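This briefing is for a reader new to the structure. It goes from one residue to the core, the surface and the chain as a whole.

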Amino acid sequence: MEKNKKTNVKNGKKVEPKANKGKKDVKKQGDTPSFAYQLIPYIVAVVALFFLICFISNAICNPQNILEEEGRESEHALGIFGFWVCKIMFGVFGPAAYIIPIIMACFVIFWKNYNKRDFVAINAVIAVLTAIVLSAIFHVFSHISGGVAAFSYDIGFLFDEGARSAGGGVVGGILAFALTAILNIGGTIFVLAAVLIPMVMFLVGTTPVAVVSFIAGKVKTAMVKSAQERKE
């Protein structure tokens, strides 16, 4: 039998020698995220900072919404562009727009956790839904004194109201209108809160199950410690 053509016999079966034995595994292409993909959190951070500066400037230079008057858009601290950014964002989301930079900041801070779990797209959707739910909550509480009749689905009215930093803007107003028509105000608040809590947990890189497990662990530790103190 030739030396170069040896075959091992194990349990009556021929086992061919491994041809690639000793060679290092080659990394698959695509394991490293592309440059554009790594750039996403930086872009989100810059946009969040711009929104924050824009909204704060609007609150300072436009406390009574005097810039709603035609021809005075340039009086905004960030000029006409800053004025229209604020008007559109507040028109769509209402005062909840102030929280959008915070939501975007959470997306950046917990980016690595999202990336490891391949949850980037899912958490991006959750971030948008969180802003919508918050705007609906703002809208409900701003109209709660007027009862269900105070809610409207007039998009023009909702946009103008939101642009004046009131209500919940277009998305919040429509969602609140739909829910109050079915669940009344009390049911709407309950549903919105029930949906908001787990979404906030996902945004900060955890889950409801993880939170419950953490609390249960703390309670168990406290009970064991208390039992030991009693024995002593």
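Ser 135 is in contact (heavy atoms within 4.5 Å) with Phe 93, Ala 96, Gly 168, Val 171 and Gly 172, leaving aside its neighbours within four places in sequence. Ser 135 is found in helix H5, and it counts as buried because its relative accessibility is 0%. Buried means under 20% relative accessible area, exposed over 50% and partly exposed in between, with a 1.4 Å probe and protein chains only.

This is a predicted model: local features need pLDDT of at least 70, side-chain atom pairs count only at pLDDT 80 or more, and totals for chains, interfaces and linings use all residues. Residues are numbered from 1 along each chain as its sequence is written, and side-chain values use heavy atoms, with hydrogens and water left out.

**Nonpolar core**
- The largest nonpolar core (buried Ala, Val, Leu, Ile, Met, Phe, Trp, Tyr and Cys residues joined through side-chain atoms within 4.5 Å) has 33 residues.
- Phe 51, Phe 55, Met 89, Ala 97, Ile 100 and Leu 192 have the most contacts inside this core.
- Two or more residues each come from H1, H2 (79–93), H3 (100–109), H5 (120–142) and H7 (169–203).
- H5 gives the largest share, eight residues.
- Not counting residues up to four places away in sequence, Met 89 touches Phe 51, Phe 55, Gly 94, Ala 97 and Ile 100.

**Surface patch**
- Leu 49, Leu 52, Ile 53, Ile 56, Ile 60 and Leu 78 form a nonpolar patch on the surface, together with about 530 Å² of accessible area.
- Such patches are made of residues with over 30% relative accessible area and no salt bridge (a side-chain nitrogen of Lys or Arg within 4 Å of a carboxyl oxygen of Asp or Glu), and nonpolar side chains are joined within 5 Å.
- Ile 60 lies in helix H1 (residues 35–61), and it counts as exposed because its relative accessibility is 64%.

**Helix H6**
- Helix H6 spans residues 155–163, and its buried residues are Leu 158, Glu 161, Gly 162 and Ala 163.
- At the N-terminal end of H6, Asp 154 acts as a cap, with a side-chain oxygen 3.1 Å from the backbone nitrogen of Gly 156.
- Ser 165, which follows H6, has a positive phi, near 60°.

**Whole chain**
- The chain has eight helices and two strands, which are DSSP runs (helices H or I, at least four residues; strands E, at least two) numbered from the N terminus.
- Of its 232 residues, 31% count as buried.
- The accessible surface (Shrake-Rupley method, 1.4 Å probe) comes to about 15500 Å², and 65% of it belongs to carbon and sulfur atoms.

Note on methods:
Polar contact = N/O pair within 3.5 Å; in protein donor to acceptor, adjacent residues only side chain to side chain. Patch = residues over 30% accessible without salt bridge, like charges linked within 9 Å, V, L, I, M, F, W, Y side chains within 5 Å.
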